[in-house]
Amino acid sequence: MAPASELTVGQVAMRSGVAVSALHFYEARGLIRSHRTSGNQRRYGRDVLRRVAIIKVAQEVGISLAEIGEALASLPEGRTPTRDDWGLLSTAWRDALDHKIDQLKKLRDGLTDCIGCGCMSIDKCPLRNKGDRLANEGAGPRRLLVGP
């Protein structure tokens, strides 16, 4: 028996492992699309399964929904994203992920030390950030930030 070309919201939820409410949310944000039957029920093309998988993977690694939406908007509507599509999307996200990884490593390694926030309340600050000289580099925890 051939799989149905259109899926109900419940079928998409079961197959993708995403709650129905999340699917409604993704649809409201323009990440996925459905159409309505004459009985006003949502129906999704099978391509939505791959799109939801991309959303889940991207969210898992920290890509924002706005970034995911921009990436999915670059794909042809109604066509299941291909391996090449995934390659383009994931490559575009690589630099942002590398930056986040660098930031997390620096945060982990410097978490117990002066962070250069300018508070001057920790006993090490007068030694590590005397006179709040790190303020010249910009706002925030200067010692824990990785460049752009």
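Start by selecting Phe-25, which you will find in helix α2. You are looking at a predicted model, so treat each stop on this tour as a feature of that model. Is Phe-25 buried, exposed or something in between? Phe-25 counts as partly exposed, because its relative accessibility is 39%, and the partly exposed class lies between under 20% for buried and over 50% for exposed. Now add Leu-111 to your selection. Phe-25 and Leu-111 are 86 residues apart in sequence, and their C-alpha atoms are 36 Å apart in space.

**Stop two: α1 against α2**

Keep α2 on screen and select α1 as well. The axes of these two helices come within 9 Å and cross at roughly 105°. That angle makes α1 roughly perpendicular to α2. Which residues make the contact? On the α1 side, pick Val-9, Val-12 and Ala-13; on the α2 side, pick Val-20, Leu-23 and His-24. Colour them by class and you should get five nonpolar residues, one polar and no charged ones.

**Stop three: α1 against α3**

Leave α1 where it is and bring in α3. Helix α1 covers residues 9-16 and helix α3 covers residues 47-60; their axes come within 10 Å and cross at roughly 50°. Here α1 is therefore oblique to α3. The crossing of α1 past α3 is right-handed. To see the contact, select Val-12, Arg-15 and Ser-16 of α1 together with Val-48, Leu-49, Val-52 and Lys-56 of α3. By class, this contact has four nonpolar residues, one polar and two charged. Val-12 may look familiar: Val-12 also belongs to the contact of α1 with α2.

**Stop four: α3 against α4**

Next, hide α1 and show α4. The axes of α3 and α4 come within 10 Å and cross at roughly 145°. As you turn the view, note that α3 passes α4 in a right-handed crossing. From α3, select Arg-51, Ile-54, Ile-55, Ala-58 and Gln-59; they meet Leu-65, Ile-68 and Leu-72 in α4. The classes here are six nonpolar, one polar and one charged.

**Stop five: the largest nonpolar core**

Now for the inside of the model. The largest nonpolar core has 25 residues. Which of them touch the most other members? Select Leu-23, Tyr-26, Ile-32, Ile-55, Ile-68 and Trp-93 to see them. Five helices each supply at least two residues of this core: α1, α2 (20-28), α3, α4 (65-73) and α5 (83-110). Helix α3 gives the most, with six residues.

Zoom in on Ile-32. Leaving aside residues up to four places away in sequence, Ile-32 touches Leu-23, Tyr-26, Glu-27, Tyr-44, Val-48, Arg-51, Val-52 and Ile-55.

**Stop six: the loop between α4 and α5**

From Arg-51, move over to Glu-77, which lies in the loop between α4 and α5. Glu-77 is partly exposed, with a relative accessible area of 48%. What does Glu-77 touch, not counting residues up to four places away in sequence? Select Arg-33 and Arg-51 to see its partners. For a sense of distance, add Ala-4: Glu-77 and Ala-4 are 73 residues apart in sequence and 19 Å apart in space, C-alpha to C-alpha.

**Stop seven: two residues of α5**

Select Ala-96, which lies in helix α5. Its relative accessibility is 32%, so Ala-96 counts as partly exposed. Add Gly-62, and you have a pair 34 residues apart in sequence with C-alpha atoms 9.5 Å apart.

Then pick His-99, again in helix α5. His-99 is partly exposed too, with a relative accessible area of 28%. Its C-alpha atom is separated by 7.6 Å from that of Val-146, although these positions lie 47 residues apart in the numbering.**Last stop: two positive phi angles**

Most residues other than glycine have a negative phi. Two places in this model are worth a look with that in mind. Select Asn-40, in the loop between β2 (35-36) and β3 (42-45). Asn-40 is not a glycine, yet its phi is positive, at about 65°.

Finish at Asp-132, in the segment after α6 (125-128). What is the phi of Asp-132? The value is positive, about 55°, although Asp-132 is not a glycine. With a relative accessible area of 24%, Asp-132 is partly exposed.

Conventions
Residues are numbered from 1 along each chain as its sequence is written. This is a predicted model: local features need pLDDT of at least 70, side-chain atom pairs count only at pLDDT 80 or more; totals for chains, interfaces and linings use all residues. Side-chain values use heavy atoms; hydrogens and water are left out. Axes are lines fitted to C-alpha atoms, for helices over the stretch in contact, and angles run from 0 to 180 degrees between N-to-C directions. Helices (H or I, at least four residues) and strands (E, at least two) are DSSP runs, numbered from the N terminus. Angles under 35 degrees count as roughly parallel, over 145 as roughly antiparallel, 65 to 115 as roughly perpendicular and the rest as oblique. A crossing is left-handed if the near helix is turned anticlockwise from the far one by less than a right angle, and right-handed if clockwise. Contact means heavy atoms within 4.5 Å. Ala, Val, Leu, Ile, Met, Phe, Trp, Tyr, Cys and Pro count as nonpolar, Asp, Glu, Lys and Arg as charged, and the others, Gly among them, as polar. A nonpolar core is a set of buried Ala, Val, Leu, Ile, Met, Phe, Trp, Tyr and Cys residues joined through side-chain atoms within 4.5 Å. Buried means under 20% relative accessible area, exposed over 50%, partly exposed in between (1.4 Å probe, protein chains only).
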